[in-house]
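Work through these short exercises with the sequence and the model side by side. Try each task before reading its solution.

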Amino acid sequence: MNTNSKQSMGLHKEQKQSIKTARITGVWYLLMAISGILGFMVFHSEIFVSGNPEQTLTNLVELKSTARIRLLLEFAIVISQALTAVWFYRLFKDNYEWEAWTLGIWGMVNAVAIMISAISIASAIGVANSDISAMEDKVLLIQVFQHIISNAWGIGGLFFGLWLFPMGYIVIKSKRMPVWLGRVIVLGGIGYLISTVIRYAGIDFSFNRFLILPATIGEFWMIGYLLVFGIRPINE
């Protein structure tokens, strides 16, 4: 077997491994999306009522099983976010080491932010079902935990946006995925940052939630591409 054939076989093997890594990354990313939708967008409002800690306390007691499911889904988000960050690093580290490190570290910060929310949910469940006799004390503590949960997700938007920048940059620079995918992801990162700043600056902007729409589009596009196509060869 000549040198060119060996090199070709080596590149083919490396590409197969890259596609496998990309698809595993896509699986973790998909699990993060599913657990996020179920946990934060479906189950959360069934337990935690914004601006109404009394009703939230009642829900935590009367719907204890649902509250536990909400907590377990938060665990799933934390774990899948962390694994997504690790596998993105593994996918890109050979050719874009600095950017891959940035992507992995900032992705881990996302997991930490959500873990703070999970700690607060667990604490709220514990307080609601504790032996504390003064109802006013319970309501006050539940209100505090609600604020922590909301702000963990809200301020977490800074890093929900930041980790998209190295992700999008690598896609654009490497051209191993559609360039427009990378551009949409970067735009989504900008949207997350602006949306978070507007929210905490106290600016009344009714279309603020639409600023993160490019991020949603880009992330689901990324998930689909990773699962279906994996990643293109380096020289393509």
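**Exercise 1.** How many nonpolar, polar and charged residues does the lining of the largest pocket have?

*Solution.* Start with the source: this is a predicted model, where local features need pLDDT of at least 70, side-chain atom pairs count only at pLDDT 80 or more, and totals for chains, interfaces and linings use all residues. Residues are numbered from 1 along each chain as its sequence is written, and side-chain values use heavy atoms, with hydrogens and water left out.

Next, the term: a pocket is an open set of points on a 1 Å grid over the protein atoms alone, with protein on both sides within 12 Å along at least five of seven lines, and lining residues have an atom within 4 Å of a point.

Now count by class. The lining has 22 nonpolar, 19 polar and 3 charged residues.

**Exercise 2.** Which element gives the most to the lining of the largest pocket?

*Solution.* Helix H5 does, with 10 residues.

**Exercise 3.** Find the nonpolar surface patch that includes Phe-220.

*Solution.* Patch residues have over 30% relative accessible area (1.4 Å probe) and no salt bridge (Lys or Arg side-chain nitrogen within 4 Å of an Asp or Glu carboxyl oxygen); nonpolar side chains are joined within 5 Å. This patch covers about 650 Å². Helix H1 (residues 3–47) supplies the largest share, 7 residues. Phe-220 is found in helix H8 (residues 213–228).

**Exercise 4.** Why does Phe-220 count as partly exposed?

*Solution.* Because its relative accessibility is 41%. Buried means under 20%, exposed over 50%, and partly exposed lies in between.

Conventions: Patches are made of residues with over 30% relative accessible area and no salt bridge: like charges are joined within 9 Å, nonpolar side chains (Val, Leu, Ile, Met, Phe, Trp, Tyr) within 5 Å. Helices (H or I, at least four residues) and strands (E, at least two) are DSSP runs, numbered from the N terminus. Buried means under 20% relative accessible area, exposed over 50%, partly exposed in between (1.4 Å probe, protein chains only). Ala, Val, Leu, Ile, Met, Phe, Trp, Tyr, Cys and Pro count as nonpolar, Asp, Glu, Lys and Arg as charged, and the others, Gly among them, as polar.
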